[in-house]
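Thanks for making time. I have one structure to go through today, and I will keep to the numbers.

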Amino acid sequence: MNYKVVLNGCSPNFSNQCSSVSAFLISSNILDREAQTLIFYNNSAAKLKLTAETPTSLLHLIEINNYEAETVLSILAELEKPNPADLYLFPGDYAGSELAVRFAYRLGGSSLAAVESLQMDQHQIKCTKGVYNGYLQGTFKLSKKPYCLSLARGILPNRDSQVIEKREAVYSDRSEERQPAYIVKRTVEKAESLDELESAKFVVAGGRGIKNKDNYLKLQTSASLLGAALGVSRPVALNGWAPLNKLIGASGAIINPEICLALAVSGSPAFFGGIEKSRKIIAINTDPQTAIVNNADVAVIDDYKAVLDELTRLIGEDKNH
Ligand SMILES: Cc1cc2nc3c(=O)[nH]c(=O)nc-3n(C[C@H](O)[C@H](O)[C@H](O)COP(=O)(O)OP(=O)(O)OC[C@H]3O[C@@H](n4cnc5c(N)ncnc54)[C@H](O)[C@@H]3O)c2cc1C
């Protein structure tokens, strides 16, 4: 089974991409120094530096103007479609995962993101990756070639990696490639982080019972009056009432505050796993039978709005005295 590695030579973490791909190839026992690495780059002055740490000896350096998924994909498809490799490996960053999925779609293959290791035979590959926020290890079989995988983040360099004595590189200049007309403007935004929730001492967590985005925005005001960080259950994030970096639970933040005030959440296992390390859990829910009421240290059976309004009023009064 032959493979190719596709790296982003425009990224400041190019060196990390090389070392994590090398470590992945060694730990998966598929290191083939004769395989090819395709490198997209946009700084011709730095191109020689890019060849120094690659995981394979055969290199194809492709100069582009801007590293855009659309541009990289159309060049890749043009180069590879006539005679695709069995397997393509992409780095573990966001751009690598996007390319892996979209390239597989274009070539009619299969894809998987954040892969930690793989085993392969002539007919299929089996990949392992962390699932449920890394609490479980999942094994996935892929059967449609080409397999396009992006690697898990944080694969550490392997001490045993061998030095490559000689590398052979070919160069292509695709810097004239136009970006698609439908891209009008590009902006880069900082990735959302779960840090605020995971380090907070007091967290208010709102569930589906808050019912809409307006109420989420009101909850934001109340939480800040109380001096608490605000988190939500999955339906609140998936309905678009709150951003995804507010999600608490198995798929989001695992919090350990002094106090977690859980409002209008039922306390499903997937959510409760995210708050169970809280020192004290206080639930406010209209349903006395719901799971959170049984698992909380203190439960108030009432409409969350009435209780929250009263709480913020009392705190406001307290501050004014
Ligand atoms: C693979 C997988 C991963 C998942 N990961 C997560 C995760 O990370 N986090 C997560 O939260 N969920 C996760 N879920 C979803 C999870 O199983 C539940 O569906 C979800 O937690 C339910 O959210 P909820 O409690 O807000 O909503 P519901 O279960 O609908 O509960 C709403 C609660 O609000 C109460 N209520 C309604 N109105 C009021 C009111 N006015 N005042 C007070 N109480 C009121 C109701 O009595 C009810 O108890 C996952 C599911 C799967 C399959």
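I will start with overall shape, then take salt bridges, and end with some backbone details.

What you see is a predicted model. The protein has 10 helices and 15 strands. Its radius of gyration is 25 Å, whereas a compact globule of 321 residues would have a value near 20 Å. Along the principal axes, the C-alpha atoms fill a box of roughly 75 × 40 × 35 Å.

On packing, buried residues account for 47% of the 321 residues. If we take contacts between residues at least 6 apart in sequence, 63% of them join residues at least 24 apart. The exposed surface of the protein is about 17400 Å², and carbon and sulfur atoms supply 49% of that area.

Now charges. There are 34 positive and 35 negative charges, and their mean positions are 2 Å apart.

How many salt bridges does the structure hold? The count is 11. I will go through three pairs and one network.

Take Arg279 and Glu258, which form a salt bridge with the closest N and O atoms 3.0 Å apart. Arg279 sits in the loop between helix H8 (269-275) and strand E14 (280-285), and Glu258 in the loop between helix H7 (234-238) and strand E13 (259-263), so this pair ties together parts that are 21 residues apart in sequence. Arg279 is exposed, because its relative accessible area of 61% is over the 50% cut-off. Glu258, at 36% relative accessibility, counts as partly exposed.

The next pair is Arg174 and Glu177, whose closest N and O atoms are 3.2 Å apart in a salt bridge. Is Arg174 buried or exposed? At 18% relative accessibility Arg174 counts as buried, because the limit for that class is under 20%. Its partner Glu177 comes out at 27% and counts as partly exposed.

In the third pair, the side chains of Arg313 and Glu310 form a salt bridge at 2.8 Å, N to O. These two residues are three apart in helix H10 (residues 304-320), which means about one helical turn separates them. Arg313 is partly exposed at 42%, and Glu310 is partly exposed at 37%. Elsewhere, salt bridges that share partners join Glu70, Glu98, Arg102 and Arg106 into one network.

Staying with helix H10 for a moment, Ala306 is also placed there. Ala306 is partly exposed, with a relative accessible area of 41%. Between Ala306 and Asn239 there are 24 Å in space, C-alpha to C-alpha, and 67 residues in sequence.

Last, the backbone. Where is the cis peptide bond that I want to point out? It joins Lys145 and Pro146, with omega at about -5°. Pro146 lies in the loop between strand E8 (136-142) and strand E9 (147-151).

I also have two residues with positive phi, neither of them a glycine. For Asn29, phi is about 65°. Asn29 is found in the loop between helix H1 (14-27) and strand E2 (36-41), and at 72% relative accessibility Asn29 counts as exposed. For Ala114, phi is near 60°. Ala114 is placed in strand E5 (residues 110-115), and at 33% relative accessibility Ala114 counts as partly exposed.

That is what I have on this one.

How values were computed. Residues are numbered from 1 along each chain as its sequence is written. This is a predicted model: local features need pLDDT of at least 70, side-chain atom pairs count only at pLDDT 80 or more; totals for chains, interfaces and linings use all residues. Side-chain values use heavy atoms; hydrogens and water are left out. Helices (H or I, at least four residues) and strands (E, at least two) are DSSP runs, numbered from the N terminus. The radius of gyration is taken over C-alpha atoms; the globule rule is 2.2 Å times the number of residues to the power 0.38. Buried means under 20% relative accessible area, exposed over 50%, partly exposed in between (1.4 Å probe, protein chains only). Contact means heavy atoms within 4.5 Å. Accessible areas come from the Shrake-Rupley method with a 1.4 Å probe; for residues, only the protein chains shown count as cover. Lys and Arg count as positive and Asp and Glu as negative; His and the chain ends are not counted. The place of a charge is taken as NZ of Lys, CZ of Arg, CG of Asp or CD of Glu. A salt bridge is a side-chain nitrogen of Lys or Arg within 4 Å of a carboxyl oxygen of Asp or Glu.
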